[in-house]
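Biologist: I would like to learn how to read the packing of helices in a model, and then how to place single residues within that picture. Could we take it feature by feature, with the general idea ahead of the case?

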Amino acid sequence: MEQRQKSELTKALILNESFKLFYENGFKTTSVDKIMKATKLTKGAFYHHYKSKKELGVEVISTHIQKRVYEGMIKPLYEEGNALELLENTFSGRLKSFSIYDKAHGCPMNNFINEIADEEQAYQIALKRIIEEWKAALVHLLERGQQEGSILTTIAPKAVAIYLISAFEGVRGIRKLYNDDQILNDYMSGLNLYLTQLKA
């Protein structure tokens, strides 16, 4: 195996295991030692790729978390179809797709925001970039719906976008408190009612 390929595989292993540990146990309580134990690598291997856990954290946000949000909540919003139906299908479909594991641990992005976003500007920038991309996709879809006549022209797309993001992230966090999906079912009922009020 070429050295470059081996190096890339090592870095991918560190990223994958770090994401899993951060998700399950939190960023602050996950030390470099714990990451190395999980990967069965040496500290030398870690510091060959990262100067610090902070640098690793930023990359986990910019790769794994950004990809999750993009694939699940941003990309679908640019598909063709009725704007309101796309909104409902994206949000409710994403909730229905989560495993018991995901429901128990909440949203990785929201976990990072709540745990460390107020401590380092680097984390803020990386997390904010994801939120802004998500918000832009929602605004784009809402404005398209207004232009096509399916969404009321009196609503403010940016305000609706922030409301939808906040409600979704909120219920992802609240679900961690429960052992069943009733809270998610209630959220989806509320979402359906809210989106109906946006209909032109």
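Biologist: At what angle do helix 4 and helix 7 pack, and how far apart are their axes?

Modeller: Two packed helices are described by the angle between their axes and by the distance that separates those axes. In this predicted model, helix 4 and helix 7 pack at about 145°, and their axes lie 9 Å apart. On the side of helix 4 the residues that meet helix 7 are Gly57, Val60, Ile61, Ile65, Arg68 and Val69, while helix 7 brings Pro108, Met109 and Phe112 to the contact. By class, that contact of helix 4 with helix 7 divides into seven nonpolar residues, one polar and one charged.

Biologist: Which residues of helix 7 meet helix 8, and how are these two helices oriented?

Modeller: Helix 7 meets helix 8 through Met109, Phe112, Ile113 and Ile116, and the residues of helix 8 in this contact are Tyr123, Leu127, Ile130, Ile131 and Trp134. The contact of helix 7 with helix 8 has nine nonpolar residues, with no polar and no charged ones. Helix 8 covers residues 121-148, and its axis runs 11 Å from that of helix 7 at an angle of about 140°. Since angles over 145 degrees count as roughly antiparallel and 65 to 115 as roughly perpendicular, helix 7 and helix 8 are therefore oblique to each other. The crossing of helix 7 with helix 8 is left-handed.

Biologist: How should I read a single helix, and which residues of helix 1 are buried?

Modeller: An α-helix has 3.6 residues a turn, so residues three or four places apart point the same way. In helix 1 the buried residues are Thr10, Ile14, Leu15, Ser18, Phe19, Leu21, Phe22 and Tyr23. What covers them includes helix 2, helix 3, helix 4, helix 6, helix 7 and helix 9. Helix 1 itself runs over residues 3-25 and reaches 32 Å from its first C-alpha to its last, close to the 33 Å expected at 1.5 Å a residue.

Biologist: What is the sign of phi in the residue that follows helix 1, and where else is phi positive?

Modeller: Most residues other than glycine have a negative phi. Helix 1 is followed by Gly26, whose phi is positive, near 95°. Lys40 also has a positive phi, near 60°, although this residue is not a glycine. Lys40 sits in the loop between helix 2 and helix 3, and because its relative accessibility is 73%, Lys40 counts as exposed.

Biologist: Is Leu142 buried or exposed, and which residues is it in contact with?

Modeller: Leu142, which belongs to helix 8, has a relative accessible area of 0% and is therefore buried. Leaving aside neighbours within four places in sequence, Leu142 is in contact with Leu87, Ile151, Pro157, Val160 and Ala161. Leu87 is 55 residues from Leu142 along the chain, yet their C-alpha atoms are separated by 8.9 Å.

Biologist: How many helices and strands are there in the protein, and what percentage of its residues count as buried?

Modeller: The protein has 10 helices and zero strands, and of its 200 residues 43% count as buried. Its C-alpha trace spans about 60 × 35 × 35 Å along the principal axes. Among contacts between residues at least 6 apart in sequence, 71% join residues at least 24 apart.

Key
Residues are numbered from 1 along each chain as its sequence is written. This is a predicted model: local features need pLDDT of at least 70, side-chain atom pairs count only at pLDDT 80 or more; totals for chains, interfaces and linings use all residues. Side-chain values use heavy atoms; hydrogens and water are left out. Helices (H or I, at least four residues) and strands (E, at least two) are DSSP runs, numbered from the N terminus. The expected span of a helix is 1.5 Å times one less than its number of residues. Buried means under 20% relative accessible area, exposed over 50%, partly exposed in between (1.4 Å probe, protein chains only). Contact means heavy atoms within 4.5 Å. Axes are lines fitted to C-alpha atoms, for helices over the stretch in contact, and angles run from 0 to 180 degrees between N-to-C directions. Angles under 35 degrees count as roughly parallel, over 145 as roughly antiparallel, 65 to 115 as roughly perpendicular and the rest as oblique. A crossing is left-handed if the near helix is turned anticlockwise from the far one by less than a right angle, and right-handed if clockwise. Ala, Val, Leu, Ile, Met, Phe, Trp, Tyr, Cys and Pro count as nonpolar, Asp, Glu, Lys and Arg as charged, and the others, Gly among them, as polar.
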